[in-house]
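This report describes selected features of the model shown below, moving from strand pairing to backbone geometry and then to the ligand site.

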Amino acid sequence: FTLHAREEVGSTNDEVRLLAETGAQDRTVVWALRQSAGRGRQGRTWVSPEGNLYFSLLLRPEVAIAEAANLSFVAALALADAIKKINPEITPSLKWPNDVLVSSKKISGVLLESKSTASGALDFLIMGIGVNIRTYPGDARYPATSLLEQGGCDNLSPGDLLSAFLNSFDPWYKVWKKDGFMAIRSAWLDQAHGIGKTIYVRLPHQTLSGRFVTIDKDGALDLELDSGEQCLVTAGDVFF
Ligand code: BTN
């Protein structure tokens, strides 16, 4: 990994994009202590005061864009491993599509952005990750927590967590490149939150409710609607 450490940026995803446009290599990382314009999924804001971890990783895998989208599951797995390494008493669970939960509350988020070439192939992918170490927004859309609140992480610095993540990321990234998404899928399902339970999936104009059956071979959420019908969801916000 090539690491660029900054005190404050707008968004680490934007910094990585600039570096990528000027030819930065695969596995370039931008890490910032604060972000003044942190972004979340679906156009939301990611409030980013000092004390938490904010970084983005540039990847240039030689795959189609649709396949690269699966890397958000790789990110969640690596993050769960990093948290377990730092505090073995914490058992994280994974919330579709790419959040990590601790005690059923959101501790981190992943924002994946990609750029395609003129011919439509994948040029590069930006994996932006934020982890609540010390603080979290009280008014978050989904109940949140921090590693500090979960205990045993009083002296944890963002840099320690970043290096734990990068160490955990490598093996999962290799599994994904060598064996493809199915290997990632089964590891993700082993730690998934709410399998077999009734969940609510908020879409832009409606909310679906049904039983969370599994995720399919592409990572879509397989939902059995209350009517008995099967529904594959590719984007949405899950609530339990
Ligand atoms: C989510 O909505 O759950 C995703 C949040 C992703 C936040 C991270 S913090 C580092 C990177 N830079 C950003 O602006 N966003 C991501």
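## Strand pairing from β8 to β10

In this predicted model, I199 stands opposite G210 in β9. The two strands concerned are β8, residues 198–202, and β9, residues 207–215, which pair in the antiparallel sense over 5 bridges. The connection from β8 to β9 is a hairpin that runs through 4 residues.

β9 also pairs with β10, residues 221–225, again in the antiparallel sense and over 5 bridges. At this second pairing, I215 has L221 in β10 as its bridge partner. β9 and β10 form a hairpin as well, with 5 residues between them. G219 lies in that turn and has a positive phi of about 95°. As a general point, side chains in a regular strand alternate between the two faces of the sheet.

## Backbone geometry in two loops

The peptide bond that joins W96 and P97 is cis, with omega at about -5°. P97 belongs to the loop between β4 (93–95) and β5 (99–102).

Another backbone feature concerns Q42, which has a positive phi of about 55° although it is not a glycine. Q42 is located in the loop that runs between β2 (28–35) and β3.

## Polar contacts and burial of the ligand

Which residues are the closest to the ligand? They are S11, Q35, R39, R41 and K106, out of 20 residues that surround the ligand.

Polar atoms of the ligand can be paired with specific protein groups. An oxygen atom of the ligand lies 2.7 Å from an N or O atom in the side chain of S11. On the side chain of Q35, an N or O atom is 2.9 Å from a nitrogen atom of the ligand. R39 takes part through its backbone: one of its polar backbone atoms is 2.7 Å from a ligand nitrogen atom. Taken alone, the ligand exposes 410 Å², and the protein buries 98% of that area.

## The pocket and its shell

The ligand takes up the space of the largest pocket. Four elements give two or more residues each to the shell around the ligand: the helix α1 (12–21) and the strands β3 (53–59), β6 (105–116) and β7 (122–131). Which of the elements gives the most to this shell? That element is β6, with 4 residues.

The composition of the shell can also be stated by residue class. It has 10 polar residues, 6 nonpolar residues and 4 charged residues.

Methods
Residues numbered from 1 in each chain as written. Predicted model: local features only at pLDDT ≥ 70, side-chain atom pairs only at ≥ 80, totals over all residues. Heavy atoms only, no water. Near = heavy atom within 4 Å. Polar contact = N/O pair within 3.5 Å; in protein donor to acceptor, adjacent residues only side chain to side chain. Areas by Shrake-Rupley, 256 points an atom, 1.4 Å probe, with all protein chains shown as cover. 1 Å grid on protein atoms, 1.4 Å probe; cavity = no way out; pocket = protein on both sides within 12 Å on 5 of 7 lines; lining within 4 Å. Sits in = over half its atoms within 2 Å of the grid points. Nonpolar A, V, L, I, M, F, W, Y, C, P; charged D, E, K, R; others polar. Pairing = 2+ DSSP bridges.
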